[in-house]
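Visitor: I would like to learn how to read helix packing and aromatic pairs in a model such as this one.

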Amino acid sequence: MTAYLPAARLRRAAFVGALCASLAVTVTGCGEDPDEGTNGVGKLSPAKIEAKARSAATAAGSVRLSGTLVVGGKPFTLDMRLKADGGSGEVKSQADTFQLLRVGEHLYLKANAAFWGQSEAAGKLGDKYVKVPEGDPSYKQFRGFTDMGVLLDGLLGLDGKLAKGAYTKVGPTRAVQVTADAGKGGKLSVALEGTPYPLLMERAGGAGRVELAEWGQTFPLTPPTQEQTVDYGSRLPTGKDAGKEPGKGGASPSATSKGSGQGANPTTP
């Protein structure tokens with residue numbers, strides 16, 4: 001029997017080696033160190049991982065958010081590039097698609113003619129940037145989609161007991177998950193490479209899934225030209241009074257008018 005022991009040991013060693021190789025991606029054993037080459041946040045407690053991610057996000061100068069949000073029971077798809085003094089991008093609801101551009105406190109909205117309701121002016125507003133007056137009731141709602149601080153505060157919220165989840169990848173970047181209430185309170189994937197930025201937020205209760213990318217990458221924010229812009233004065237046009245000339249004021253947007261943004265009904269997350 002002793003003559004066959006070395007061969008048996010070799011077979012066992014080969015089997016173990018093959019098993020480790022096949023499971024190396026998902027198993028932390030077999031001599032593999034899952035934290036090798038990472039920024040080390042995977043070794044921290046889930047609360048500290050979340051804190052590191054929030055701190056990195058707060059310190060960043062810019063970010064790109066893309067994915068879905070459910071606000072007031074209504075789904076929105078967004079693709080926004082944001083920084084401290086403004087943002088730009090596109091938001092889609094079930095009824096409408098519109099583009100937003102904010103430079104400082106100057107907010108511009110571009111949508112197709114259908115967004116503004118059935119009126120003579122609707123055709124003139126389509127594909128034009130309409131300046132949203134700060135006094136208009138919809139200003140804060142639309143602005144929320146362009147505010148980096150507001151969106152991040154609303155997105156990066158985990159509700160419940162935190163736990164460290166699996167190591168995963170978001171795009172090409174390795175990440176570690178932090179879950180709340182076994183995932184029911186949300187899941188946050190944090191980068192294991194470089195700065196521990198949040199990379200993916202899956203909101204509690206199925207309220208959306210948003211990827212966070214291009215952290216710290218600069219991009220220009222330029223107001224539209226005068227030829228590209230329509231200014232309606234103190235109020236946005238509604239389906240009823242959108243025919244009034246720009247600069248003449250106009251009634252406050254009604255709760256039932258599509259021209260008041262009812263089709264989108266944006267609110268801050």
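Guide: We shall take one helix and then the aromatic rings. This is a predicted model, in which local features need pLDDT of at least 70, side-chain atom pairs count only at pLDDT 80 or more, and totals for chains, interfaces and linings use all residues. Residues are numbered from 1 along each chain as its sequence is written, and side-chain values use heavy atoms, with hydrogens and water left out.

Visitor: Which residues of helix α5 are buried?

Guide: An α-helix has 3.6 residues a turn, so residues three or four places apart point the same way. In α5 (residues 148–155; helices are DSSP runs of H or I, at least four residues, and strands are E runs of at least two, numbered from the N terminus), the buried ones (under 20% relative accessible area, 1.4 Å probe, protein chains only) are M148, L151, L152 and L155. They lie on the same side of α5, because they cover an arc of only 95° around the axis, taken from the directions from the helix axis to the C-beta atoms.

Visitor: What do the buried residues of α5 pack against?

Guide: Their partners, by contact (heavy atoms within 4.5 Å), include α2 (46–59), β1 (62–71) and β2 (74–83).

Visitor: How many aromatic pairs does the structure hold?

Guide: Rings of Phe, Tyr and Trp (its six-membered ring) pair if their centres lie within 6.5 Å, and planes under 30 degrees apart count as stacked, over 60 as edge-to-face and the rest as tilted. The structure holds four such pairs. One of them, F76 with F145, has ring centres 5.7 Å apart and planes at 50°, so the pair is tilted. Since F76 lies in strand β2 and F145 in the loop between α4 and α5, the pair ties together parts that are 69 residues apart in sequence.

Technical notes: Buried < 20%, exposed > 50% of the residue type's maximum accessible area, 1.4 Å probe, protein only.
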